[in-house]
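Visitor: Could you take me through a single part of this model closely, staying with the sheet and whatever packs on it?

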Amino acid sequence: MVDTKVTLCGITLDNPVIPASGTFGYGYEFAELYDINCLGTFSFKGTTREPRFGNETPRIAECPSGMLNSVGLQNPGVEKVISEELPKLAKVFNKPVMANVSGFSIDDYVYTTELLAAQDQVGWLEINISCPNVHGGGMSFGTDPCMAADVVKAVRMTTDKPLIIKLSPNVTDIAGIAKACEEAGADGISLINTLMGMRISLRSRKPILANTTGGYSGPAVLPVSLRMVYQVYDAVSIPVVGMGGISTAEDVLEMMMAGATAVEVGAANLTEPFASKKIIEDLPRVMEKYGITSLADIVGQAH
Amino acid sequence: MVTQMKQGVFTITENTALTPTTYRMRLEGDTGAVTAPGQFIDIKLDGHFLRRPISVNDVILPSSEGGCDGTVTVIYKVLGAGTEEMTEFAPGKKLDVLTGLGNGYDLSDAGDHPLLIGGGVGIPPLYLAARRLIGQGTDVSVILGFNSSEEMYYVDEFEKLGCRVTVATADGSAGIKGFVTDAFRALAAECGVSCTGSDPDTEYTRFTHFYTCGPEPMLKAVFREVYKEAGIKGQMSFEERMGCGFGACMGCSIKTAGGYKRICKDGPVLRTEEILW
C-alpha cells in the first residue's frame, strides 16, 4: 500500500494533485462530472477586488502541445465569490480550498486577501503576482524582487494562513524572486504561471488573440517548469508547488523529484475534463512501478 | 437548460463530402447527453491539443428511438489543419468525444410559424431544430444562405422534412441573389409581412419566432432586420474560439444584457433580448 499523502504548509493533503487556478472555475462545473473530494485540493479562479470581464475575445489559440489564453482574470469580484461561489462550493467540496488572489495594486491584494483569508473554507492563499494577461498590474509585481517582496509583506499583515506566492516564468532570475518572497514572509512558492507567447492568423495576417499576447500552457512547457522548480527548490527552504504542463501521474513524480511538495494541474483539465481524477487514480500504480512507497519521500530527490 | 456533459468513445460510421469543403460525419455511441438542437460536441484529434467543437446536425438517441447505441451527425467545414485531417478519417475509426455541450435552442417558444435562418457552415444545427419543430406540428419556414450554388448543401433535406425552403446565394447562382436578409424580405412580402419597420401599425403575425446560426456579419444583419425592424424575437447561435468547451476556462465569454456569458456553457444560443448589438 503506497502513501500519497503530502503536507503543504501544515495542512495534510490526501494526494499532491491540485487543479490550477483558471482551469477549474470555482469547482462546481467539475463537481457535476466527478466527486472533487478526491483532489488534494484545488486553486480557485483568480479573484480580484472588483468584478472583471477580462479581455476581449478571441482569448484562446491552439499551439503545439498546448494553448495560449488571454482570459485576463474574468471573475465576479471578491464579494460575490464569498457570497455566491463559496457557498455553492461548500455543497460539493469538504476540504480546505486554495484561494487565488490577483490585484493591480498592493491595496487590492491586501483587501482581497484579507476577505478571503477570513473564510473558513480557505486553507491557503495563493497570491498571483504573475498574470501575463492584465495590463498595469499583476505580472509587474512578479518580475521585480523588491515589488514582489512588497506585496508579500503587505498581505502577510492580513493573515496567519499559509501564503503561497505564484511566480511568473517570464523573468531572468526566478530564484532571486522566490528568495525575496521567502524573506518577506511567504510560506510557499508556486510556479510556473504561463509563458508569454503569441500566434498570428495566416488568413487575417494579424494576431489571433484580441489581446495580441497570451500565456502558453500545456505539456510543451513541462521542461521549463521542471527547470524552474528545480532552481527555486535550491534557493528557498519553504515548500514549492510545481506546475506547468503536468498531465500524467509520471509528470507528478518528475515534478516532485525536481522539488515540488505538491503539484498543480492546469491545461490538462481543459482538454481532458477527468484529467486530475485520472492522475490521482494512476498514482499508486505508477508509484509501485518506480518503487516509491511514500510520495513525501521523493520531494527534491533529483538534487 | 441544465446540461450534463458526457465523455465517450464514438465510432465513425460515415464521413462523406457534401461539397468540396463541407463534410458530414456520423458517429455511433452513447448520445444520451444530447438533449437539444443547437448543442455541440467536442472531438479529440490526435496531435492537436484542443478539441474541435462542432454543432450537432442530427441525433438518434439510444433508447427512445431504438438500438443500444445512438448516432450523432455533425457537418463540418474544412477550416484548418484539424478539420483537414478529419476528412481522411475512415468509418470504423474511434474518437474521444464530449457530448451534451451547450444550452441549445429552446423549441417551446417556436409558436405556430417558426422561421429558421442559416448561413453556410451555420446551417447544420438548424436541421435537428427543423425536424423537431415539424414533429411538434408547426409550419416551418427555412432560409438558407450560401456564397454560391457550388457550396449548397442540405436544401433537399430540409424540403424532405416538409419545410418551406428559400435559398439565397451571394452571387445569384441559385435562388434569390443576395443574403439571407434579402430572402427574408422576399419571403415576408410573400407572406404579407411588412419588414420595413416604417409602419408602426403593421402587425407582424406570420412568423412567431426565429432560430438562426451563421457567420457573425449574417447574425448582425438578421438581428437588425428580423428582430429590430420586423420585431420578431428569436434565438441566435454564436461561435467563438473555445478552450475547454464546458465552462471551465472562461475563454469564450461575451457580454450580454444578462451579464457575462460563456458561449460554450451558457450559450451557444442567446435570445435576441439579451444580445447587446
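Guide: What follows is a walk across the sheet, ending with the contacts between the chains. The model is predicted, so local features need pLDDT of at least 70 and side-chain atom pairs count only at pLDDT 80 or more, while totals for chains, interfaces and linings use all residues. Residues are numbered from 1 along each chain as its sequence is written, and chains are lettered from A and ligands numbered from 1 in the order in which they are written.

In chain A, seven strands (DSSP runs of E, at least two residues, numbered from the N terminus) form an open sheet in the order β3-β13-β12-β9-β8-β7-β6, with parallel pairing, where two strands pair if DSSP finds at least two bridges between them. Because β3 (17-19) and β6 (97-101) of chain A stand at the edges with a single partner strand each, one side of each is left without a neighbour in the sheet. Five bridges join β6(A) to the parallel strand β7 (residues 122-128) of chain A, and Val97(A) has Val122(A) as its bridge partner in β7(A).

Helix α3 (residues 106-117) of chain A, a helix being a DSSP run of H or I of at least four residues, packs on the sheet and touches β6 and β7 of chain A, contact meaning C-beta atoms, placed from the backbone, within 7 Å. The direction of α3 makes about 165 degrees with that of β7(A), angles running from 0 to 180 degrees between N-to-C directions of axes fitted to C-alpha atoms, for helices over the stretch in contact. Helix α5 (residues 145-156) of chain A lies across β7 and β8 (163-166) of chain A, at about 155 degrees to β8(A).

Between the chains, 27 residues of chain A are in contact with 23 residues of chain B.

Note on methods
Two residues are in contact if their C-beta atoms, placed from the backbone, lie within 7 Å.
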